[in-house]
Structure formats: C-alpha cells, structure tokens
Amino acid sequence: MEFTAIDYSIFALLLVLSSAIGLFYALSGDRQRTVQEFLLANRNMGCLPVALSLLASFQSAVAILGVPAEIFRYGTEYWFLGCSYFLGLLIPAHVFIPVFYRLRITSTYEYLELRFNKTVRVFGTVTFIFQMVIYMGVVLYAPALALNAVTGFDLWSAVLTMGLVCTLYTTLGGLKAVIWTDVFQTLVMLAGQVAIIVVGARRVGGMARVWRVAEQEGKISGIDLDPNPLERHTFWSLSVGGIFMMLSLYGVNQAQVQRYLSARSEREAKLSCYAVFPCQQIVLCLSCLTGLVMFVYDREHPLAQRPASPDQLVLLFVMDVLRDLPGLPGLFVACLFSGALSTISSAFNSLATVTMEDLVRPHFPGLSESRATLFSKLLALGYGLLCLGMAYVSSMLGPVLQAAISIFGMVGGPLLGLFCLGMFFPCANPTGAIVGLLAGLVMAFWIGIGSFLMGTGGAKGVPPANSTALPTVGNLSTVLATTLPPPTSAPPSPTALQRFYSLSYMWYSAHNSTTVILVGVLVSLLTGPTPAAALDPRTISPVLPWLLCCLPPKMRQWLCCGGGDPAQAPSHADGTEKSSSVPNGLAPPGPDWPGEEEGQGYIRSAGAPIYAVQETSF
C-alpha cells in the first residue's frame, strides 16, 4: 500500500511544526544569545516538559519498532523490563541529581574534573561522544530503512529530511526548542500507538480476545527465574540488568542530565524524574500491547508481505490494518519519526554541550559569551551533518532494539562505573579512574566484538544472546535482517569462550560498570588512595553514609582509604588548607544560588570550603 496525499500531509505537518518551534525560540523570548540560554534553556524549565523530554530522548523510535516485534516473536517476557524502572529512576533522583545539580555544572563531565582531574574528564567526554555518534546512526537510519522497505518511501529522502529538520530546530532554538518539540513529539507518538492498538484490536474482536488468544498460544510469559546470565531474557536480566541500563541512561548520560540541569530548581529536577516512571510504564505497555495485537491479527489475517527483518513487522502490520483509513498510516509514520527526531535532537544538543564545555572552553578560557554561543550552534550543526554520515555505519548494527541497548551497555556501562567510582569510593584516584574506564571499555568490546565475530547461538533456539551480526548483503531492504531461529539440527556444543561471548546484552551495563569499579578501586589502592585533604566532599554522593551505615567503623574506614568516616558529618576543619575556589572556574554557590537559598544541604563557614550535608534518607 502506498501513502495517500492525506498521509503525506500529516507527515509533513509534523516536520513543519517541529521546525516552527525551533524558529519561535530563536526569534522570541530567550533568543539563545548566551550559552546558558542555548545549552540549558536558561535553567527555568518546569518538571512536566522536562519529564516528557526525558521520556522521548531515549529509545523512542527504537521502542516503537523493536518492542512490538520482540513481543510478536518471543512473548511478553520483555515486559518485565518495567520492573527495573522504579529503582532505575529513583536512584538517579536521590543519588546523581543532588550531586550534579548542586555543583551547577553544564556538562556532566565537569564532575570528573572536580572529582579527579582534567585527564579523566577528557577520557569521559571522548567516550560519550563516541557512544552518541554511533547511536545517532541507529536512530536515524533504522526507521527510514524499515519505512523504505515497507512503503516504498525513498530511503535517503527520509534520512535527509529527518536529519536536516532536526539540525535546523536544534541549532536555532537550543535546548528549550528541543524540550518543547519533545513534548509535542511525545504526544504524537502516544496518539499513533493508541490508534494502531484500538483499530487492530477491533479487527480481531477486542482487547479481551487478543489477550485470551495470546495466552492460549503461549505468548503470555510467566516469570522465568533462571539465574543463567547467558539466557537472552529472564526476569533477572530484565529487572536487575535493566536497572544498570536505566542508571547509565537516566543517571549519568549527558542528554538526560542536561535536562535535569535545565529545571528551575533541584526539586523540579527530582519531580521530573518521578514523573518519568508512570510515563515509561505507559509507553512500555502500549508497545507490548501492540505486539500482542500484531500476533493475533497475523494469526487470523496473515500479512500479505512477510518481513525481511523483524524491525519491519510493525510497519507491515500498520499498512495492512490501516489500509482503509486514510490518514492513520501517516499518523503512525509521524509517530515513528517523532521518536527519531526527539532522540536525535537530544544527541545533537548534548554533543554540542560536552564538546564546548569540555574540549573547547578549557583551551580558550577568554572566549566571549557571544562567540561561545555561536560556536555552540556551529557544533550542533556539525554534529547534525555528521549524523547523516553515520547513517550508513548503522547498517552494521543489527535489530534496532538490541543494537541500541548493546551500544548503551557497551559504552554507557563503563561511564556509569566511572561516575559510581567517583561518588561512592572516596579512595579512588585519577589513575584508578582512567585504568578502570579503559578496562571496562576493553571488556565491553571484547564481548561485543567477540559475539559479532563468533555468531554464538543462544539457548532454546533463540537468537544469539547479544548478537549484532548481520548478513553481508548490499540490499538496503534486507540489511537489518538478523537473528532468525537457527536450523532444527542440533548445533555443536559451544566452547567456554563462545559461552562467555553469549552473555545476555541486558547484562552489558552491569558487567562493564562493575569491571570499572573493581579495577578502579584495586589500582587506586595499589597506587595510593586519594588523600582526605585533596577530596572535594561535594563530589561524594550524599547517600554514601546511608549505604555504609550497617558496616563496622573499621570497614567504613577501609573503604574510604584514610579519607575519614563518611558516616560522620564533615566539619570545616577537614579542609582548612584547601582553597575556597572551585576547579575549572566554577564559582562557589552564592546567596542567589537555589541550593543555598532553599536550604538544600550545604553549609559554609568562614574561610572554609562548602560541604554537602550528609543526607541519609530517600
């Protein structure tokens, strides 16, 4: 089925409105004339738009394509990922946000210089840039490729349209335009998913019948408590491994932290994190219900065209079930592209921020505000053009859902470990941080590339646990085709190394972040832990005493490696020899700073640095 004029009109309206929001914020109100206006929306955003932007910034287009296909093929096991959302959002709200927000930083990686040194900051920044540039290719290319294969919509026209529109409103309107377009695009995504569920369910007799048939066919999964980390999806891999994945995203990822920092107060930032929880559950439920409706519909009305890739299932279903309703296919395509636009724009803005704050400003401290703002906009434009170039590379990354989570686990996991090393282990020193990060990255790519090369088969006839391998074909309509069930003949027994490569991709973040922490602490102990006098207590998480309160005093002292007992509130005498200035040119909070004005946990004494009051409650 080809698009009608109404479908094209709805799709075009999405692009026009997204661009209009960027133009509005470029020409009125805060006209993005300062770095703070452009990169942090002048720090005056409310919790609701920030929450919806947080929701839209990650895996939106990926989830719209990938989750229903996952449910269609393997059942509702993936639904248990929702169990990870509670702690995956509660921990950032009470561990990471207080530290980042009160330091008044712009780039997340400024924290690494405050806690360690400039070298660690640069290592973290370069790792993040690598992660997001690769991820942008997946998000931009995958929906365009699936759309091309199913509807005949020109592939590179779709890629160029998304990339250029996104670059336009991100470059002109800054973070405020990105957040408000995310809000608009989130509503479009929800409308598109609800429309397809309602129409599809009506075609097969209602939602109750969908559930009943899916249960009879074994698609409603029970709780699989198998602790084997090689199993692709179990309750433990999704709920526990998912927590680490959520922390790497909502805890330390610049694209999300930048939204927290744009909130008008720390309280608003925390509320935005709370608000994401029910929104994430709704989005997950809609995606899973779409998969069940697809399964029952295909069982009773087999799709005329079979997909070359699992990622095409959703669009084939949409074009079939909505063929008699002009406009609704266009709405769903707008829904799909809304997800891609929201994610890509977040990536552009966050990449411009870290490049400006971490790589440019330290070398040009005298850069004027106007020049810095102009350079930030040029960086956003440059990353937008780079994203178009990365679209081709993404063709090597496999099914979009698994590829996206694999990327964030392989690179986001070590970054999560690096921040946890700094916040929870006062003994950690810069040498330990760098060696730990490198060890985590080596371990991540060893498993990831090893799985890619070996093509290890998973258990129970399912696809490889973390495979991102692809057939080496040049046909763009089948380049995403991967992980189909293996032949019925029994495969040879895997070797120990092959089993190691079969680690479920849901454990990537947990495995790699733990590697960073263990190696970082060990190297720090061997090379000499950070002295108490050299430690800025604001960079240590305020919940550390709560975490260590059950341990004996000697154990707490050992973990802090001579840095003092963190269960005791710090006194100003601890740092009398330290300068009251803050590294990297960050001015200490003044009377007009929200953290001090609202009594949010800082004390000051004459001639002494500022210390974080040790909060011990969630």
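A disulfide is a pair of cysteine sulfur atoms within 2.5 Å. By that definition, a search of the whole structure finds 0 disulfides. The structure is a predicted model, in which local features need pLDDT of at least 70, side-chain atom pairs count only at pLDDT 80 or more, and totals for chains, interfaces and linings use all residues. Residues are numbered from 1 along each chain as its sequence is written, and side-chain values use heavy atoms, with hydrogens and water left out.

**Confidence**
- The protein chain has an average pLDDT (the predictor's confidence in each residue, from 0 to 100) of 75, and 76% of the residues score at least 70.
- Among the elements of the protein chain, helix α6 (residues 110-115) has the highest mean pLDDT, 91, and strand β1 (residues 602-603) the lowest, 34.
- Over residues 456-490 pLDDT stays under 50, and the model has 88 contacts (heavy atoms within 4.5 Å) beyond four places in sequence for them.
- Residues 562-618 also have pLDDT under 50 throughout, with 106 contacts beyond four places in sequence.

**Overall make-up**
- The protein chain holds 23 helices and 2 strands; these are DSSP runs numbered from the N terminus, with helices (H or I) of at least four residues and strands (E) of at least two.
- Of the 618 residues in the protein chain, 60% are buried, where buried means under 20% relative accessible area, exposed over 50%, and partly exposed in between (1.4 Å probe, protein chains only).
- Among contacts between residues at least 6 apart in sequence, 84% join residues at least 24 apart.
- About 22,600 Å² of the protein chain is exposed, and carbon and sulfur atoms supply 67% of that area; accessible areas come from the Shrake-Rupley method with a 1.4 Å probe, and for residues only the protein chains shown count as cover.

**Helix α14**
- Helix α14 covers residues 313-321, and 9 of its 9 residues are buried.
- Among these buried residues are L313, F317, M319 and D320.

**Cysteines**
- C273 is buried, with a relative accessible area of 1%.
- C285 is in no disulfide, and the nearest cysteine sulfur, that of C288, lies 6.7 Å away.
- C285 is partly exposed, at 28% relative accessible area.

**Residue L378**
- L378 belongs to helix α16.
- The relative accessible area of L378 is 47%, which means that L378 is partly exposed.
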